[in-house]
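Q: Please examine one part of this model closely, beginning with a single site in the backbone. Then set it in the context of the helices and sheets of the chain, in one connected account.

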Amino acid sequence: MPVSADVVFVGGKVLTMSSEKGRLADSVAVLNGRILAVGARHEIEELKGRTTRVIDLQGRTLMPGLADIHVHLASGARDQSFVECRDFYDPSVVSVGVILSRLSGRAKTAQPGQWVVGVGSPMQAFRLAERRLPTKQELDAAVPTNPAYVTFGAHVLVANSLALREKHVTSDTPDPAGGLVEKDPTTGEPTGVLRERAQYLLKSKGAPSGRIPLRDLIKHHLELAARRGVTTIHDIVVSPVEMTAYQDLASSGELPIRVRLLIRVIEAEFSMDSLLDLGLRHGFGSDMLRIGGVKLSIDGGFTARQGAFHGLDDETDNHALIRIDQAELDDVISRYHGAGMRICVHVVGDMAIDMALDAFETALARRPRTDHRHRVEHLGNWLFTPERRERTARLGLLPIANPAVMYFLGDMAFEAIGSRRMEGAFALRSMLDAGIPVSFGSDAPGYWPVDVLRDIAAAAGRKTFIGTPVAPEELISVGEGLRAQTATAAWVGFDEASLGSIAHGKLADLIVLDADPLRVPWDVLMDMPVLLTMVGGRVVYECAGALD
Ligand SMILES: [Zn+2]
């Protein structure tokens, strides 16, 4: 009996992203969730049966689904109970005044005692007309009878007096480990600014509990990612609630795209040893949902000026925040490394970069392993000097840079950390030239949406969203960017046998783009429509009418 495909795509341009130089393909057949065949139209049409869906691409591009390998999707999934103050989502938030009027508007309809919570963007002070964040006094005036706070990225929030009072934050409150309760130097009273771990005096870790169940919020955000052609994410999860929500979606067959969990083991609602105690390794799970590794952070965030940079006694207003000391870091890394678990370490400043490199070097010297795929998150964004690149390559570590940070925050980065620290900024070209695998993540959706095409376009365009060029010599091509977020990303996710390219037997994670991404300028790619997204042979997004 002849085989008949479930779906055939015909008459397009197929970017297989496969390393073998095969013959030129224009058509692909899918059966039982996998790629049945890749080839010329007449060959693929032979696999057409009575029930086969035929999608005529009419010259459009078919390629593997894209991956975003560093997101905080479950933790960043927000419902409408939050007051939108993020200028990266809503460009009309141009001033402190706009933020205050939105909060005050919400306060007028809030129940007594109900918290009013605003969500702003990282480093928004640079972009607001007043060039500063709102103050406690302004929040008191805008929201006089409800507890209220506004977060600005993941590392800093500003609260009103009622919020501080309700949570007993006073002049006597000490700084929690790894956090800062900012106090007025003359009165000693809290100013309302809480940094890093001090934020948890007011807010809960991980996803906020609102009226909409977390599983539904996560599903909604995964569907938004699918609309941009994203078929795999690596999500950093921090609480059992997030783990449960994901399992719930997976077991009911409602996960629209694939999720690799990077489980945070310090500053999380899991104990540091939780996964070691269970004997878990990366790879545990299914091809839709599986453990991709553990995550931990060394220093604070760049957006809150808390990266651990050397020599901060200079012109900048940075305060290095080290969240874990070298001994503890060495211990966690060597234990998880020894257990066969992939480790992802967040570093921002060069002091933190060197701590991570030291810890990995120690662990690898004690227990050499060639194919560990340990990752260093945000490495490559700056201060990735030739010496550090050489060391990173020698240890086989994977730097995960963030072109989205360059695009949205590049202008502020120069000012925030000092231009001399922008050496080796977003060093994607240098990394490729040094033989270091390049694949990147966005840190979305808390700051900006998940959008891998935007990130690839930014890496190829080397400009910020207001058009400032950033180290153009580090430019990579769109083709290199596409490879980074397909084949290389699959490898970073230990998924190279089943994902990342279009080849017989691989999982059918496919997207249809409106035009050939290799033949348009980078700024056109940035907003290029995705017409269809397929995950495991199932169409999870389709632009209505576009492919009829
Ligand atoms: Zn992150």
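A: Pro 445 lies in the loop that runs between helix H13 (428-433) and helix H14 (452-461). In this predicted model, the peptide bond that joins Ala 444 to Pro 445 is cis, with omega at about 0°. Most peptide bonds are trans, and most residues other than glycine have a negative phi. The second half of that statement leads to Glu 196, which is not a glycine and yet has a positive phi of about 45°. Whereas Pro 445 is in a loop, Glu 196 belongs to strand S13.

Strand S13 in turn introduces a sheet. Six strands form this open sheet in the order S8-S9-S10-S11-S13-S12, and their pairing is mixed. At its edges stand strand S8 (83-85) and strand S12 (179-183), each of which pairs on one side only. On average, and with direction ignored, neighbouring strands of the sheet are turned by 20° against each other. Helix H3 (residues 96-109) packs on the sheet and touches S8, strand S9 (116-120) and strand S10 (148-152). The direction of H3 makes about 150° with that of S9. At the S12 edge, S12 and strand S13 (residues 190-196) run antiparallel and are joined by four bridges. Within this pair, Lys 183 has Pro 190 in S13 as its bridge partner.

A further open sheet has five strands, ordered S2-S6-S20-S21-S22, again with mixed pairing. Strand S2 (13-14) and strand S22 (538-542) each have a single partner strand, so one side of each of these edge strands is left without a neighbour in the sheet. Inside that order, strand S6 (residues 61-64) and strand S20 (residues 510-513) run antiparallel, with four bridges between them. Here Leu 62 stands opposite Val 512 of S20.

Turning to the helices, two packed helices are described by the angle between their axes and the distance between the axes. For helix H6 (residues 214-227) and helix H7 (residues 240-251), the axes come within 9 Å and cross at roughly 70°. An angle of 65 to 115 degrees counts as roughly perpendicular, and H6 and H7 are therefore roughly perpendicular to each other. Their crossing is right-handed. H6 contributes Leu 214, Arg 215, Ile 218 and Lys 219 to the contact, while H7 contributes Val 241, Glu 242, Ala 245, Tyr 246, Asp 248 and Leu 249. By class, six residues of this contact are nonpolar, none is polar and four are charged.

The pair formed by helix H10 (residues 350-366) and helix H11 (residues 386-395) packs at an angle of about 30°, and the axes are 11 Å apart. This angle makes H10 roughly parallel to H11. The crossing of H10 and H11 is left-handed. Ile 353, Leu 357, Phe 360, Glu 361 and Leu 364 of H10 meet Arg 388, Arg 391, Thr 392 and Leu 395 of H11. Five nonpolar, one polar and three charged residues make up the contact of H10 with H11.

These elements belong to a chain whose secondary structure comes to 16 helices and 22 strands. The radius of gyration of the chain is 24 Å, close to the 24 Å that the globule rule gives for 548 residues, so the chain is as compact as a globular protein of that length. Its C-alpha trace spans about 85 × 55 × 50 Å along the principal axes.

How values were computed:
Residues are numbered from 1 along each chain as its sequence is written. This is a predicted model: local features need pLDDT of at least 70, side-chain atom pairs count only at pLDDT 80 or more; totals for chains, interfaces and linings use all residues. Axes are lines fitted to C-alpha atoms, for helices over the stretch in contact, and angles run from 0 to 180 degrees between N-to-C directions. Helices (H or I, at least four residues) and strands (E, at least two) are DSSP runs, numbered from the N terminus. Angles under 35 degrees count as roughly parallel, over 145 as roughly antiparallel, 65 to 115 as roughly perpendicular and the rest as oblique. A crossing is left-handed if the near helix is turned anticlockwise from the far one by less than a right angle, and right-handed if clockwise. Two residues are in contact if their C-beta atoms, placed from the backbone, lie within 7 Å. Ala, Val, Leu, Ile, Met, Phe, Trp, Tyr, Cys and Pro count as nonpolar, Asp, Glu, Lys and Arg as charged, and the others, Gly among them, as polar. Two strands pair if DSSP finds at least two bridges between them. The radius of gyration is taken over C-alpha atoms; the globule rule is 2.2 Å times the number of residues to the power 0.38.
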